[in-house]
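Colleague: Could you give me a close look at one part of this model and then follow the thread from there? To begin, which residue classes make up the lining of the second largest pocket?

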Amino acid sequence: MLQDHSLNSSDTPPASSICVLGAGIVGVSCALELQRQGYQVTLIDRSDAVVETSYGNAGVLATSSVLPMNNARLWDSIIPMLRGKSPSLRYQTSYLLRNCRWMVRFMASATEESDRLRVAALNSLVRQSMLLHEEWLTQAECKQRLRKTGWLKLYRTQSSFKAANYERLLLKDVGVDMQILNNDELQQLEPGLQQPYFRATWIKDTASVDNPAQVTHAYRELFITAGGKFQIADIQKVVKTAQGFLLSTADEQFTTEKLVIALGPWSNDLLTQLGCKLPMAYERGYHQHFDSTAAEPLGRPLHDVDGSYVLTPMEQGYRLSSGVELKERDAPASPDQLEAVIPNARLAYPINKPLDQPWLGRRPTLPDALPAIGAVEQCTGLWLATGHHHIGFSTGPATGHLLAQLIQQKTPDISAEAFAPARFF
C-alpha cells in the first residue's frame, strides 16, 4: 500500500497537479520551486530516507566542478586510464563495449570549444544554486550546516599542477575565485595536513555542508510544511493517457496531468516505457567514514589530485570518497577502488578506523555531461530533471528553479538551451 506524510493513500492528485518522481536533491528542489510558483505538487519516492545518490556526495557546492570529466585534456590521459593505470578510474570492459556508442559521443564532446560552452552553462546553474542553498538553509533553520570556507585541490608534483593549468584558465574565465598556495601557505591554512604538497589551489568561493542527506531532508520538510504532498510509493509503471499520465505501483494507481522525472540513474526505468530513453551511463563511486586523532581538524574538503580521493569533514566523521567506476548500475559492489586510496589519504591526514561500511552510489551521466532539464516535446506533459552526473548537489536548487520557470512558460533567469532534452530526442 502507498504510505504518505500529508495525503491519504486513497486520494489521488488533482488533474491540475504536478507529480515529481524522485526525492533526492534534484527532485526535492523541483517540488519546492514548483510549489512556490503556485502549483499543487506531489513528491513521490520509494523511500522516506535519503540513502541514494544525494546521500553519498562530498557535500561541496563547487564553483570549480563546472569542467566536465570529458574535457579536451582527457585525450592526454585516456590511454593510461583505459589501461587501468589510473586509480581515479576503474571500468568493466564488457560494460564499455556494450555502451560504445555512448562512449563515442562522450569523447566527441572533449573539445576546447565544447568545454567553454559547457563550463559557462554549468557555472550558471552552480552560481544560482549556491544562492538558493543559502536561502533555503536559512529558512530550514539549519544554516549551521553550511561552511563558507572553500575547498582545496592538492597537487603532490609539479607535473600534476601543470596539467591542471587548462582547468584553472577556464575557471578563471567564469570568475571562480582561486588562490594558489605553496606548501607553507597550505600548512598555515590546514595545519593538520602531514604530507608536503608542491602546490594547492584554494577555491575560495565554494561552500560545503556537513551532511548533504540531512540538508536534502530539511528541504523536503520545507516543502511538506508549506502544504506539499509527499508519498512513499514504488512507481513501477507509467502510461501516457489523453489526460496526462497513469502511474502504477504493485497495488495502486493514480493519475496526474504533468509528470517530472527526477530519478537520477533510475530515470530510464520509466522513460523507456514512454519511448523516451536517455543515452545514460553510470559513474559509480564509493565512500566511507573514518575517525581521526588529529589535533587540528580539517576546515574544508580537500581533493588530493594525485592521491585520487576527496576527504570531507562530515557530521558522521571524515568522509573519504574514491574516483569513478564505469560499470552496470546494479552490478555488485567492488570497493577495491576505495580501499586503494585509503593509504594515500592516511599519508596526508591521520584518519584511523572506519566508522561504517563502504557505501556505493550511482551518478547518471549523459554523453555531453550536462543534465537534461525541460520538456520532452514528443510526450506532452513530461518534464525531465536528471543526468546531473557528480554535481547534482551543486546544481539541484537552480535546476528546480529553471524547471519551474519553463513549466510556467516564463523567460528563465538562466539560459536553458544547453540543458534541453530535445538534444537527445
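Modeller: Happily: the lining of the second largest pocket has seven nonpolar, two polar and seven charged residues. Nonpolar here means Ala, Val, Leu, Ile, Met, Phe, Trp, Tyr, Cys and Pro, charged means Asp, Glu, Lys and Arg, and the others, Gly among them, are polar. Bear in mind that this is a predicted model, where local features need pLDDT of at least 70 and side-chain atom pairs count only at pLDDT 80 or more, while totals for chains, interfaces and linings use all residues. Numbering runs from 1 along each chain as its sequence is written, and side-chain values use heavy atoms, with hydrogens and water left out.

A pocket is an open set of points on a 1 Å grid over the protein atoms alone, with protein on both sides within 12 Å along at least five of seven lines; a cavity is a set where a 1.4 Å probe fits but cannot get out, and lining residues have an atom within 4 Å of a point. The second largest pocket has a volume of about 390 Å³, a volume being the space filled by probe spheres set on points joined across faces, edges and corners. Of its 16 lining residues, N99, K277, L278, P279 and M280 lie nearest the centre of the pocket. Helices α4 and α10 (267-271) each supply at least two lining residues, and α4 has the largest share, three. Helices (H or I, at least four residues) and strands (E, at least two) are DSSP runs numbered from the N terminus.

Helix α4 also takes us to the enclosed spaces, since α4 (100-108) and α2 (74-82) each give at least two residues to the lining of the largest cavity. That cavity holds about 90 Å³, and of the ten residues lining the largest cavity, M69, L89, M103, F106 and L326 are the closest to its centre. Unlike the evenly matched nonpolar and charged counts of the pocket, the lining of this cavity has nine nonpolar, no polar and one charged residues. In all, two cavities of 30 Å³ or more are counted. The second largest holds about 30 Å³ and is lined by K153, Y155, E167, R168, L171, M178, T201 and I203. Strands β7 (151-155) and β9 (199-203) and helix α7 (165-173) each supply at least two of these, with α7 giving the most, three. Four nonpolar, one polar and three charged residues make up this second lining.

M103, met already beside the largest cavity, also belongs to a nonpolar core. A core is a set of buried Ala, Val, Leu, Ile, Met, Phe, Trp, Tyr and Cys residues joined through side-chain atoms within 4.5 Å; buried means under 20% relative accessible area, exposed over 50%, partly exposed in between (1.4 Å probe, protein chains only). The largest core has 63 residues, of which V20, L34, L43, Y219, V260, L403 and F419 touch the most other members. Helix α5 (residues 112-139) gives the most to this core, nine residues. The core that includes M103 is a second, separate one of 37 residues, with L247, F254 and A372 also in it.

Back in the largest core, V260 contacts (heavy atoms within 4.5 Å) I18, C19, V20, L21, L34, W383, L403 and I407, leaving aside neighbours within four places in sequence. Two of these, L403 and I407, fall within the range of helix α12 (residues 392-407), which bends by about 30 degrees at A398; the bend is the angle between axes fitted to the seven residues ending there and the seven starting there. In α12, 15 of the 16 residues are buried. A398 counts as buried because its relative accessibility is 0%, and A398 touches L125, Q128, S129 and L132, not counting residues up to four places away in sequence. Q405, also in α12, counts as buried at 8% and, with the same four-place exclusion, contacts K410, T411, P412 and D413.

After α12 comes Q409, with a positive phi near 60 degrees. Q409 is exposed, at 75% relative accessible area. A369, in the loop between β22 (359-365) and β23 (372-375), has a positive phi of about 60 degrees too, although not a glycine. Its relative accessible area is 2%, so A369 is buried.
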